[in-house]
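Please open the structure in your viewer and keep the selection tool at hand. The tour moves from one stop to the next, with a selection to make at each.

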Amino acid sequence: MAFVFYDTETTGTDTAFDQILQFGAIRTDENLNEIDRFEIRCRLLPHVVPAPMALKVTGIATENLTDPALPSHYDAMRQVHAKLSDWSPSVFVGYNSISFDENLLRQAFYQTLQPIYLTNTGGNTRADMLRIAHAVAAYAPNAIAIPLGEAGQQVFKLDRLAPANGYNHENAHDAMGDVEATIHLAKLIRDRAPEVWGRMMQLSRKQDTEDILKEEEILCLTQYWRGQAHNRYVTECGVDPTYDASRAVFDLKQDPQPYLDMTTGELVHEMNKSPVVVRAVRTNAQPILMPNTAAPDALIEQSLPFEELVRRASMITENIEFQSRVGEALANRYPEKEPSAHVEQQIYDGFASSGDQALMQRFHHVPWEDRLGIAMEMDDLRMKRIAQRLIYFERPEVLPGKTRAALGHEIQERLNAHDDVLPWRTVADAQQELAKLQSEDDDGSLVEFVSDLEEFLGELLQ
């Protein structure tokens, strides 16, 4: 299957309220040879305030945020969705993408009334080169160089890892530059650690991951925390009945006997305390689950005799009632959240009906003058609200005066707000962050950057 390596540059790190400013992607064949590439930049949305640190890191100038020569966010994300659909089916690969870029991409598609699950439906699968690098560091430690931080911890930031492995990453934090660096690492790992690469490609597929959990009674689970690998022998011990991608594994370092008769409530408590004995993994998020025969030396040395691990695993796999209670505990692990009042945070509050999906498709293909009528036909209040907002962003003159004024007032209130508990970044928040950057500018290198951004933020308040 082909691969699509992609990266985003954004206004910040909040996957609900920040936005993509640059998207870059390269499609390769199964041997990682480039077939095609695509890159696009877009303008800042009217209600989004960029984080000064994000602009500093990416080098995006303030004049580019409102450059009329660039497409709007709506037009850019329509092009991104069309290109990725044309490149499907593929394995979609980023660097820290499962935790970050993919969520930004889904949010961008959601806020432009497009199907959000493009990267893991229709034959597509997803992989994350950060997780693959973690796996290599744990299971093939001599395959690639891992730089160290000041405290001696392993550093997996792309702008450190790629240069440490022979890549000239002068254009780090440019979307296309980061894509090229990611492909460089992928080729190295595929060639130098083929067994780890092959296993992680299996784990990029949900069904294959579920099969591995079912068929391999004892597995090595690796999870990273602050640059340190934590390796455990585990066995699957439950499936969330409300979400089958959520699985539980039992840390075989512990004797299962005291847990086997626990109630669902007691198991929930165990999942939320430290050390975690029953822990969750997601089969659709490329967990690092290696064969027990590949266990790192340190884990083997510290572990119980393998016969005892087998005995403990069998106690769990033979106890169907325990597995059922663990699954219920997974489903009840967190208290139910209050619904958010903000449309951005309602992205996973349910699927649009087939009727609304048809209306969303029509929305994109009729004149702007007709789109408000389509929006008003939608039953899903989220989609109706997003549709109205899109019309305001793209062609405000076609809206009734009262609607246009209300949307404009709402956006200005967002920008001007001074409430510390708001989930989005306000102008005041950005000004405070900018002042901190200025106070730390010992060599005066940020004078022009600070001045330009101060002026830009001031204009947002007008």
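Select E459 to begin, and note that in this predicted model the residue counts as partly exposed, because its relative accessibility is 43%, a value that falls between the 20% limit for buried and the 50% limit for exposed. E459 has its place in helix α19, and if you add E63, E448, D452 and E455 to the selection, you will see the residues that gather with E459 in a patch of negative charge on the surface. Helix α19, which spans residues 447-460, supplies the largest share of that patch, namely four residues.

Next, go to helix α14, residues 354-363, and pick out D356. Which side chain of opposite charge is nearest to D356? It is R382, 7.4 Å away, and D356, although buried, has no salt bridge. A polar atom of the D356 side chain does, however, lie 2.7 Å from the backbone nitrogen of D380.

Now turn to the loops. In the one between β2 (20-28) and β3 (34-41), select L32, which is not a glycine and yet has a positive phi of about 70 degrees; L32 is buried, with a relative accessible area of 1%. Q286, in the loop between β9 and β10 (288-291), likewise is not a glycine but has a positive phi, here of about 50 degrees, and Q286 counts as buried because its relative accessibility is 1%.

Finish with two cis peptide bonds. One joins S88 and P89, with omega at about 0 degrees, and P89 sits in the loop between α3 (73-86) and β4 (91-94). The other joins S274 and P275, again with omega at about 0 degrees, where P275 belongs to the loop between α10 (264-271) and β9 (278-282).

Methods: Residues numbered from 1 in each chain as written. Predicted model: local features only at pLDDT ≥ 70, side-chain atom pairs only at ≥ 80, totals over all residues. Heavy atoms only, no water. Patch = residues over 30% accessible without salt bridge, like charges linked within 9 Å, V, L, I, M, F, W, Y side chains within 5 Å. Areas by Shrake-Rupley, 256 points an atom, 1.4 Å probe, with all protein chains shown as cover. Salt bridge = Lys/Arg side-chain N within 4 Å of Asp/Glu carboxyl O. Lys, Arg positive; Asp, Glu negative; His and termini not counted. Charge placed at Lys NZ, Arg CZ, Asp CG, Glu CD. Helix = DSSP H or I, 4+ residues; strand = E, 2+ residues; numbered from the N terminus. Buried < 20%, exposed > 50% of the residue type's maximum accessible area, 1.4 Å probe, protein only. Polar contact = N/O pair within 3.5 Å; in protein donor to acceptor, adjacent residues only side chain to side chain.
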